Amino acid sequence: MKLTILGGGGFRVPLVYGALLTDRGEGRVTEVVLHDLDDSRLYAVARVLAEQAATVPDAPTVTATTDLDEALRGADFIFSAIRVGGLEGRANDERVALAQGVLGQETVGAGGIAYGLRTVPVAVDIAQRVARLAPDAWVINFTNPAGLVTEAMSRHLGDRVIGICDSPVGLGRRIATVLGANPREAFIDYVGLNHLGWVRGLRVAGRDELPRLLADPDLLGSFEEGKLFGTDWLQSLGAIPNEYLHYYYFNRETVRAYSEVEKTRGAFLRDQQAQFYDEMKRPDTAALTAWDRTRAEREATYMAENRETAGAGERDADDLSGGYEKVALALMRAIARDERTTLILNVRNQGALSVLDADAVIEVPCLVDANGAHPVAVDPLPDHATGLVCAVKGVEREILAAAENGSRTTAVKAFALHPLVDSVNVARRLVEGYTEVHPGLAYLK
Ligand code: G6P
Ligand code: MN
């Protein structure tokens, strides 16, 4: 079985390859093709993968190419993990937004819109090529903003594209663990959009255990989301939000914290990764050791500013490895081998969340088998959550329209309608600022 990874020179590719190496079963991936625009990044990552494979018999073969069509032909699965504009682009997304006093995070608020506007046209081009060159392939989209990018691709690939994120899985695992339940045996009642969802229940053997957690301030305060949001607020909500909702519920504090840091997340990662790829150019560098050190530092500093505002302290050791590669592997196995399972994924709604239309991509538990991912029916969201989900889906639709029509006016509308952008004038200045720094937005006229 052939797996193609787009963004194959990306820093997190060794996580995926590491997960593949643990898979000894029949029908596993035997061939990995890395595609990237940048040869030196491919070379760097290939070195890490070679060290990972060194002690493993029958490790999947790895080849690398900068030719997209060649990479796609004959693929059974395609992982798309690209970063249009690179980490320099991410840092610019943050900088321009913060200069206007709004959030520049890569998936939330103004930053997410800017990143979406430059990623959607590229993702659409990939989807069209896949439809032509590998029509039977399954595309697993890791590219952020994951829900929006998956929806853009689904217009060309239908349900053959599935978006993934590890944050709902991590959240479910933490809740199950504090409740003393086995995460693998718990059904997580979670729904929303990517990075905008809520756990409303956690069922073990049919019984909802979440009320027990919500009633117990000590338990509630003992894990990441409890520390981030505070027990009082979780009790008020009666649900556990995805960690990215911290940017909404504590917007003023997070904007301030991010304005005061010496380096934003994007700038930190830009510099950190530049150093890693530089190190990889030296033939004597121990590739896997250098990669692992860089990864550990990245994971330890994830959402550091949010945690600092909340006084949440260091991350728990168990939370350090997000596990998105595990979600991707579980999804791929379920489809390739008809190993039925339930996973929280980004798929077309198809009636699961009645407030949105059938084609809207949502994040929801899905039953997965050889025929793909099928969203389960979920209870409606409370009004406050419905409001946010509909507002943000409305913004995503404006981004898709702006990308399709190349319309600057529609881009302004997308920014202006976002709940975290507080004036139409701010939206206008954001579009000005972003089009100045991003060549990838030159299509907006
Ligand atoms: C989490 C999020 C992903 C994000 C990743 C890395 O897993 O769900 O969407 O890509 O963290 O975040 P970072 O800030 O390190 O790039
Ligand atoms: Mn994510």
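User: Leaving aside neighbours within four places in sequence, which residues is Ser167 in contact with?

Analyst: This is a predicted model, so read every value as computed from it. Ser167 is in contact with His195, Asn242 and Glu243, once neighbours within four places are set aside. Ser167 itself sits in helix α7.

User: Is Ser167 buried or exposed?

Analyst: The cut-off for buried is under 20% relative accessible area. Ser167 has 6%, so Ser167 counts as buried.

User: Which side chain does the side chain of Ser167 make a polar contact with?

Analyst: A polar contact pairs N or O atoms within 3.5 Å. Here the partner is the side chain of Asn242, at 2.9 Å.

User: Then turn to Asn242. Where does Asn242 lie?

Analyst: Look for the elements on either side. Asn242 is in the loop between β10 (240-241) and α12 (246-249). Its relative accessibility is 0%, so Asn242 counts as buried.

User: What other side chain makes a polar contact with the side chain of Asn242?

Analyst: Tyr190, at 3.1 Å. The wider contact list of Asn242 holds Ser167, Pro168, Leu171, Tyr190, His195, Gly197 and Phe229, leaving out residues up to four places away in sequence. His195 appears there, and His195 is also in contact with Ser167.

User: His195 keeps coming up. Which protein donors does the manganese ion have?

Analyst: For a metal, list the donor atoms and their distances. The manganese ion is ligand 2, and its protein donors are Cys165 (SG) and His195 (NE2), 2.3 to 2.4 Å away. Cys165 lies in the loop between β6 (161-163) and α7 (167-178), and His195 in the loop between β7 (186-193) and β8 (196-204), so the pair ties together parts 30 residues apart in sequence. Water is not among the atoms, so the site may look incomplete.

User: Are these two donors buried or exposed? Take Cys165 and His195.

Analyst: Cys165 has 8% relative accessibility, so Cys165 counts as buried. His195 is buried too, with a relative accessible area of 5%.

User: How many disulfides does the structure hold?

Analyst: Zero. Check the sulfur distances against the cut-off of 2.5 Å. Take Cys366: the closest cysteine sulfur, in Cys165, is 13 Å from its own, too far for a bond. Cys366 is buried, at 0% relative accessible area.

User: Now ligand 1. How many residues surround ligand 1, and which are the closest?

Analyst: Begin with the surrounding residues, then pick out the polar pairs. 13 residues surround ligand 1, the closest being Arg90, Asn144, Asp166, Arg265 and Arg298. A polar side-chain atom of Arg265 is 2.8 Å from an oxygen atom of the ligand. In the side chain of Asn144, an N or O atom lies 2.9 Å from a ligand oxygen. The side chain of Arg12 also places an N or O atom 2.9 Å from an oxygen of ligand 1. Taken alone, ligand 1 exposes 380 Å², and the protein buries 90% of that.

User: One last residue. Which helix does Ala328 lie in?

Analyst: Helix α17, residues 324-337. Ala328 has 0% relative accessibility, so Ala328 counts as buried. Beyond its neighbours within four places in sequence, Ala328 is in contact with Phe79, Ile140, Phe142 and Ile164.

User: What separates the C-alpha atoms of Ala328 and Val45?

Analyst: Read the distance along the chain and the distance in space as two values. Along the chain, Ala328 and Val45 are 283 residues apart. In space, their C-alpha atoms are separated by 19 Å.

Definitions and conventions:
Residues are numbered from 1 along each chain as its sequence is written. Chains are lettered from A and ligands numbered from 1 in the order in which they are written. This is a predicted model: local features need pLDDT of at least 70, side-chain atom pairs count only at pLDDT 80 or more; totals for chains, interfaces and linings use all residues. Side-chain values use heavy atoms; hydrogens and water are left out. Helices (H or I, at least four residues) and strands (E, at least two) are DSSP runs, numbered from the N terminus. Buried means under 20% relative accessible area, exposed over 50%, partly exposed in between (1.4 Å probe, protein chains only). A polar contact is a pair of N or O atoms within 3.5 Å; within protein, one must be able to donate a hydrogen and the other to accept it, and residues adjacent in sequence count only if both atoms are side-chain atoms. Contact means heavy atoms within 4.5 Å. A residue is near a molecule or strand if one of its heavy atoms lies within 4 Å of it. Accessible areas come from the Shrake-Rupley method with a 1.4 Å probe; for residues, only the protein chains shown count as cover. Donors are N, O and S atoms within 2.8 Å of the metal (3.2 Å for Na, K and Ca); water is not among the atoms, so sites may look incomplete.
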